[in-house]
Amino acid sequence: MSESDQSRQSPVHNGRLYIETVGCQMNMLDSELVVAALRQDGYQLTDNPKDADTILFNTCSVREHAEHKIYSALGRLKYSKRNRPQRVIGVLGCMAQKDQDLIFQKAPHVDIVVGTGQLAEIPRMIRETRSATERVQQKAVSLGRREGSRDEITDSFQSYDPLRDPEMRPTPFQAFVRIMIGCDKFCTYCVVPATRGPEQSRSPSQILAEVRVLADQGVREITLLGQTVNSYRFTENGRMHRLSDLLVQISDVPSIERIRFVTSFPRDMSDDLLQAVRDLPKAMKYLHVPAQSGCNEILKRMKRGYTVEEYREMMHRIRETMPECAVSSDFIVGFCGESEESFHKSMDLIREFRFKNSFIFKYSKREGTRADDLYEDDIPETVKRRRNNEMLDLQNQISEEDNAEFIGRTVSVLVEGPSKWAAKKNGPATDGHRPGEPLATQLMGRSECDRIVVFDGNPRLAGTTARIRIDDCTVTTLIGTVETLEHQHGSSGILPILV
Ligand code: SAH
Ligand code: SF4
Ligand code: F3S
């Protein structure tokens, strides 16, 4: 882009912006939206922090390790701020809401601290920091969960859903859409109800309007986001809408091909939702429903609100409704009071339900949570690590065995693009290759059951849906060959391609 093009796009040049994002998909979406607002304000994105006039960290507090990473990154900026005092350093998101002034104490060179509920304030705050004659530190955070009435607290967490910046998305044809914010489950180990505030669903008309805009921009796959996404409820025009209703409405948007949603809460996995996922061809056959533990005593201490028997009943309903549906889970190992026997009950749960994959975490004590008040963090780090590794080994073995079942089958894949940019140097592309175009590259995408699939193909296939025959697998990946291309932008029907 030439200088004059740039100045036409953004009348004021506010310098270069670098943003680093950790945490969950909710944070990735927040960063996309913050960047969109700042670009509108004349900032240009850079991927080199050394070049940046504004450096933002969008943070996570779910485990201590995530916070450490950010505090060390902030530490590294201390001297550069001395040399470049005009540079604005900001801490956003969950750690900003949780630690507040502590961030200024630990990292005095930070200029702004902005909680998850105040992201709309960022452009103004940066502007004010820049124009102040004397250095000011600014903070915008929401109320704590005991600092007001429910309405006051809810109002202090504003859902942030303004403009989009397509460049920040994982790919141009995939987008996250927030359907709710906050969480009211208060699992005893978890900071999220404090950092994201009370549970609030967004209106279906707003969600649908956003999906339509994204579809017009070329998005084919929508991932609906919520901490407990299947708890979604919103009454509009006298009618109560559930997640299953949203899935039906979004399915009606013609150019959307795939809809996913994360993360589901076991107790809210209702039959209407399972039936909608089964009956709607665009709904991916994939559910992420964290179990956290396979031991009733631990589940009770975690205040998850279900027993192993209830989780089992839910799994049976899922399998009865959709035998092909992939289910993944999260587990915490080494939670307060987790005996060897409790741990083995979690291992048994994995053996019983053969999750597609599980995210396994060592319990990390979080200040301000109920678990921290009530229980001692009594499992030594070495034991946590061993349990983590044992569980990972078991899950990996199951994932690999189940992936091997796919060998010889054909799956439908939305092609996301080059896999780790591993361009293949030898051998010409055979799938629709045209002279002068890049040769075959290892591409990746996901199957309808959310399995990662890699295969050789022309990078032009990105954004299309292809049938891939599976030839091999690893623990995390199915490896295959392109059979046919199902849909291509601007064309319809089956488009056979040469293999
Ligand atoms: N809302 C989602 C997950 C939120 S956090 C849910 O309810 O499932 C993502 C995962 O981090 C959780 O599922 C849990 O397994 C893990 N986690 C949360 N707090 C933790 C803590 N204090 N220590 C270790 N893992 C934690
Ligand atoms: Fe945290 Fe539990 Fe809410 Fe998930 S459901 S965000 S684990 S409190
Ligand atoms: Fe982390 Fe906040 Fe997400 S604590 S996991 S970034 S909701």
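Trainee: Which residues are around ligand 2?
Mentor: This is a predicted model. A residue belongs on the list if one of its heavy atoms lies within 4 Å of the ligand. For ligand 2 the list holds Cys183, Lys185, Phe186, Cys187, Tyr189, Cys190, Val192, Pro193, Gln227, Thr228, Phe265 and Arg304.

Trainee: How many residues of the shell around ligand 2 are nonpolar?
Mentor: Sort the shell by class. The polar class has 2 residues and the charged class has 2. The nonpolar class has 8.

Trainee: Which residues are around ligand 3?
Mentor: Look for Gln227, which is also listed around ligand 2. Around ligand 3, Gln227 is joined by Cys24, Asn27, Thr59, Cys60, Ser61, Val62, Cys94 and Arg196.

Trainee: How many charged residues are in the shell around ligand 3?
Mentor: Go class by class again. There are 4 nonpolar and 4 polar residues. The charged count is 1.

Trainee: Which residues come nearest to ligand 1?
Mentor: Ligand 1 has 15 residues around it. The nearest of them are Tyr189, Gln227, Gln292, Asp330 and Ser364.

Trainee: What is the distance from an oxygen atom of ligand 1 to an N or O atom in the side chain of Asp330?
Mentor: A polar contact needs a pair of N or O atoms within 3.5 Å. The side chain of Arg63 has such an atom 3.0 Å from a ligand 1 oxygen. For Gln292 the distance is 2.7 Å. For Asp330 it is 2.6 Å.

Trainee: What share of the accessible area of ligand 1 does the protein cover?
Mentor: Start with ligand 1 on its own. Its accessible area is then 540 Å². The protein covers 89% of that.

Trainee: Which elements give two or more residues to the shell around ligand 1?
Mentor: The shell mixes 6 nonpolar, 4 polar and 5 charged residues. Two strands give two or more residues each: S15 (326-333) and S16 (358-362).

Trainee: Which residues are closest to the centre of the second largest pocket?
Mentor: This pocket has a volume of about 550 Å³. Its lining counts 25 residues. The closest to the centre are Glu324, Cys325, Phe406, Cys449 and Arg451.

Trainee: Which element gives the most to the lining of the second largest pocket?
Mentor: Helix H14 (308-321), S15 and strand S17 (410-423) each give two or more residues. The top giver, with 3 residues, is S17.

Trainee: Why does the second largest pocket lie between two domains?
Mentor: Check who supplies the lining. Its residues divide into 9 nonpolar, 4 polar and 12 charged. The pocket lies between the two domains because both give residues to its lining: domain 2 (155-403) and domain 3 (410-487).

Terms used. Residues are numbered from 1 along each chain as its sequence is written. Chains are lettered from A and ligands numbered from 1 in the order in which they are written. This is a predicted model: local features need pLDDT of at least 70, side-chain atom pairs count only at pLDDT 80 or more; totals for chains, interfaces and linings use all residues. Side-chain values use heavy atoms; hydrogens and water are left out. A polar contact is a pair of N or O atoms within 3.5 Å; within protein, one must be able to donate a hydrogen and the other to accept it, and residues adjacent in sequence count only if both atoms are side-chain atoms. Accessible areas come from the Shrake-Rupley method with a 1.4 Å probe; for residues, only the protein chains shown count as cover. Helices (H or I, at least four residues) and strands (E, at least two) are DSSP runs, numbered from the N terminus. Ala, Val, Leu, Ile, Met, Phe, Trp, Tyr, Cys and Pro count as nonpolar, Asp, Glu, Lys and Arg as charged, and the others, Gly among them, as polar. On a 1 Å grid over the protein atoms alone, a cavity is a set of points where a 1.4 Å probe fits but cannot get out, and a pocket is an open set with protein on both sides within 12 Å along at least five of seven lines; lining residues have an atom within 4 Å of a point. Grid points are joined across faces, edges and corners, and a volume is the space filled by probe spheres set on the points. Domain bounds come from an automatic or database domain assignment.
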